[in-house]
Amino acid sequence: HAFLFDWDGVFNAGTKGEKSSSTFSEADSMGINLLRFGYWLTHGRLPFVAIMTGENNPSAVQLAEREHFTAIYYQTRDKGSALTHLERTFDIKAECVAFCYDDVLDLAVAARTGLGFRINRLGSPLFARYAGTKNFCDYVTANSGMQNGVREVCELILGLTGRFINVVEKRCAFDDDYRRYLEVRNALETQRYTYSQGVGDIIAV
């Protein structure tokens, strides 16, 4: 019932520089939109969708708010605590969450969520082996973060649920179902959360 995405290394290569922020691809954005539409067609409601990042990534906030995701967690380096906050705030059990991730800081979440999708990176073979041995991932993408691994995951889920062709055709036609979905989606206000050292916990922003 929920789709949770790490940011750096998932939507991009995780590359940073002075005064620069990691970015995202429209192909991944479209994949998530199709995934949400497919869920809406099946269940008659929007799924919970959120980004969880340990840094302050303006592009992540931009994507979440432009696409009307349910929430974004940023500067939350203790991602396990952020997941607990998500469970309590939105009344979602961790086993009902599909998590898309790529690295060590994500394992506290991957260990608890129902489905783990690890975005592949050839440069960390021992981490890949560790995550697999611990059963922290159910699927490893063929593509990396900078090669639209997120889109791969979204299309995989739509394919496995038998919704892909229907969703694509309805989106192309911009039919009544898609118009209703878009109206509901665009009415959603994205909630921002971050870690506050003063409070020592996750707070709303």
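The following questions and answers concern the pockets, the cavity and the sheet of a predicted model.

Residues are numbered from 1 along each chain as its sequence is written. In this predicted model local features need pLDDT of at least 70, side-chain atom pairs count only at pLDDT 80 or more, and totals for chains, interfaces and linings use all residues, while side-chain values use heavy atoms, without hydrogens and water.

Q: What makes a space a pocket, and how much space lies in the largest pocket?
A: On a 1 Å grid over the protein atoms alone, a pocket is an open set of points with protein on both sides within 12 Å along at least five of seven lines. The largest pocket holds about 390 Å³, a volume being the space filled by probe spheres set on grid points that are joined across faces, edges and corners.

Q: Which residues line the largest pocket closest to its centre?
A: A lining residue has an atom within 4 Å of a point. The lining has 25 residues, and D8, G9, D102, D103 and R121 are the closest to the centre.

Q: What makes a lining residue nonpolar, polar or charged?
A: Ala, Val, Leu, Ile, Met, Phe, Trp, Tyr, Cys and Pro count as nonpolar, Asp, Glu, Lys and Arg as charged, and the others, Gly among them, as polar. On that basis the largest pocket has 6 nonpolar, 10 polar and 9 charged lining residues, and the second largest pocket has 12 nonpolar, 5 polar and 2 charged.

Q: Which element gives the most to the lining of the second largest pocket?
A: Helix α1 does, with 5 residues; helices (H or I, at least four residues) and strands (E, at least two) are DSSP runs, numbered from the N terminus.

Q: Why is the space lined by F3, L4 and F5, among others, called a cavity?
A: It is called a cavity because a 1.4 Å probe fits at its points but cannot get out. Its volume is about 40 Å³, and its lining has 10 nonpolar, no polar and no charged residues.

Q: How do you know that β6 and β8 are edge strands?
A: Two strands pair if DSSP finds at least two bridges between them. In the open sheet of 8 strands, ordered β6-β5-β4-β1-β2-β3-β7-β8, β6 (139-140) and β8 (201-204) each pair on one side only, and they are therefore the edge strands.

Q: What makes β4 and β5 a pair?
A: They are joined by 4 bridges and run parallel, so the requirement of at least two bridges is met.
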